[in-house]
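Please open the structure in your viewer and keep the selection panel at hand. The tour below proceeds by selections, each followed by a description of what is found there.

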Amino acid sequence: MNLIKKLEENKRLNLKDGLKLYDLDLLTLGKYANKIREEKFGRKTYYNINRHINPTNICKDVCQFCGFSSSRKNPNPYTMTHKEILDTVDKSIKNGIKEVHIVSAHNPDAGLEWYLEIFKKVKEKYPQLHVKALTAAEINFLATQYNLTHQDTINKMVEYGVDSMPGGGAEIFDEKIRKRICGGKVSSDDWINIHRLWHNAGKKSNATMLFGHIESRENRIDHMLRLRNLQDETNGFNAFIPLVYQRENNFLNVKDYLTAQEILKTMAISRLVLDNIPNLKAYWVTSTVKLALLSQEFGANDLDGTIEKESINSASGAKSAKGMACDEFVSLIKNSGFVPIERDSLYNELN
Ligand code: SF4
């Protein structure tokens, strides 16, 4: 069937279709992505009031794209104490956060119990606070270090109060590219399987894709299709989050510059190919706020949250270190012609 006919009739798209979508002009692509966004969400755009905490940047891995972990490019190792983490949560609660998002480097000295104790202490003090924590990459690292299965590790997370899993560590699933950019990290199959186990435990998660480095367009569509397959099976993903690669302070040395057109096309194609993941998040931290706002016209219905402090992408050049004030966030969404809706971490509407 002809591609435009498939788009008109909302037919499921395959790898070839996904690649051909990149050949459409930006506005045609935007029209079809926006049509689906409008059908599902009208002019609503979701955001949440959250706090990111990255307890340590000491890492046994050396992912080539990473500017966050302490290395010869970033000789500033730190590990927060539990008290510092709790003090941070205390302060953020006063700012109205509903979610704490805890992800870290793979620190061989930290340990699973160290993390579990954090989750327990946060949950004991603030039972209403949603704890989103540990990427599939961290789960794989901790399980390997403690000689546990992924299932055992997930059981412990649930027991100690983790509510949902973030989507990090997916990077790009293609095995050849993955080996070049993050060879020591969780394999693609294990990343998928850890999310499968998490969904089978009755929990929700998100999924990311890092793009704009050395991957091809085909690698991106392949990545989306692997996620779509798992979503068909479990329906456990809340949101897909395409992350724009940040150029500074890492080892990848990418020569090409990603254009705004390519970012917007990738957003729109994500909306069209991932027909079973409800929310498409334009993560302003990596795309810039202006492009995230524009992404609302290209399928995105979620702009993430206020974050308060961002350490991972800002270490590689993103202008996100201080997060964003809630009133500014709301005003920007309104002024761009959309209706800001505060959501909780599971996409229930709050305000
Ligand atoms: S991306 Fe994560 S695992 Fe890779 S080097 Fe950075 S902190 Fe470590």
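Which residues does Glu171 touch, not counting residues up to four places away in sequence? Select Glu171 in this predicted model, together with its partners Arg178, Ile181, Cys182 and Leu210. Glu171 itself belongs to the loop between α7 (150–159) and α8 (175–182). Is Glu171 buried or exposed? Glu171 counts as buried, because it has 26 C-beta neighbours inside 10 Å, and 20 or more are required for that class. Now add Lys334 to the selection: the C-alpha atoms of Glu171 and Lys334 are separated by 32 Å, and the two residues are 163 places apart along the chain.

**The surroundings of the ligand**

Next, select the ligand and display the residues around it. Cys182, already met as a contact of Glu171, is one of the residues around the ligand. The others in this shell are Cys59, Asp61, Val62, Cys63, Cys66, Phe68, Ser69, Ala105, His106, Ala137 and Lys185. How many residues of each class does the shell contain? There are 8 nonpolar, 2 polar and 2 charged residues.

**A sheet with β2, β3 and β4**

Select β2, β3 and β4. These 3 strands form an open sheet in the order β2-β3-β4, and their pairing is parallel. The edge positions belong to β2 (50–53) and β4 (130–133); each has a single partner strand, so one side of each is left without a neighbour in the sheet. On average, neighbouring strands here are turned by 20 degrees against each other, direction ignored.

Zoom in on β3 (residues 99–102), which pairs with β4 in the parallel sense over 4 bridges. Val100 has Val131 of β4 as its bridge partner. Which way do the residues of β4 point? His130 and Lys132 point one way, whereas Val131 and Ala133 point the other way, and all are buried. Finally, show helix α5 (residues 112–125), which lies across β3 and β4 and runs at about 165 degrees to β4.

**A sheet with β8, β1 and β9**

Move the selection to β8, β1 and β9. This open sheet of 3 strands has the order β8-β1-β9, again with parallel pairing. Why is one side of β8 (302–305) and of β9 (339–342) left without a neighbour in the sheet? Both stand at the edges and each has a single partner strand, so no neighbour is present on one side. Neighbouring strands of this sheet are turned by 25 degrees against each other on average, direction ignored. Strand β1 (residues 44–48) pairs with β9 in the parallel sense over 4 bridges, and Lys44 stands opposite Val339 in β9.

**The nonpolar core**

Select Phe119 and Phe240. These residues have the most contacts inside the largest nonpolar core, which has 93 residues. Helix α11 (residues 260–273) supplies the largest share of this core, 7 residues. In soluble globular proteins, nonpolar side chains tend to be buried together. Around Phe240, display Ala207, Leu227, Ser270, Leu274, Ile277, Leu280 and Lys281, which Phe240 touches when residues up to four places away in sequence are not counted.

**A last stop in helix α3**

Conclude with Lys31, found in helix α3 (residues 26–41). Lys31 is partly exposed because 15 other C-beta atoms lie within 10 Å. Select Thr153 as well: its C-alpha atom and that of Lys31 are separated by 43 Å, and 122 residues separate the two along the chain.

Note on methods: Residues numbered from 1 in each chain as written. Predicted model: local features only at pLDDT ≥ 70, side-chain atom pairs only at ≥ 80, totals over all residues. Core = buried A, V, L, I, M, F, W, Y, C linked by C-beta atoms within 7 Å. Buried ≥ 20, exposed ≤ 12 C-beta atoms within 10 Å, placed from the backbone. Helix = DSSP H or I, 4+ residues; strand = E, 2+ residues; numbered from the N terminus. Contact = placed C-beta atoms within 7 Å. Near = placed C-beta within 6 Å. Nonpolar A, V, L, I, M, F, W, Y, C, P; charged D, E, K, R; others polar. Pairing = 2+ DSSP bridges. Axes fitted to C-alpha atoms, helices over the stretch in contact; angles between N-to-C directions.
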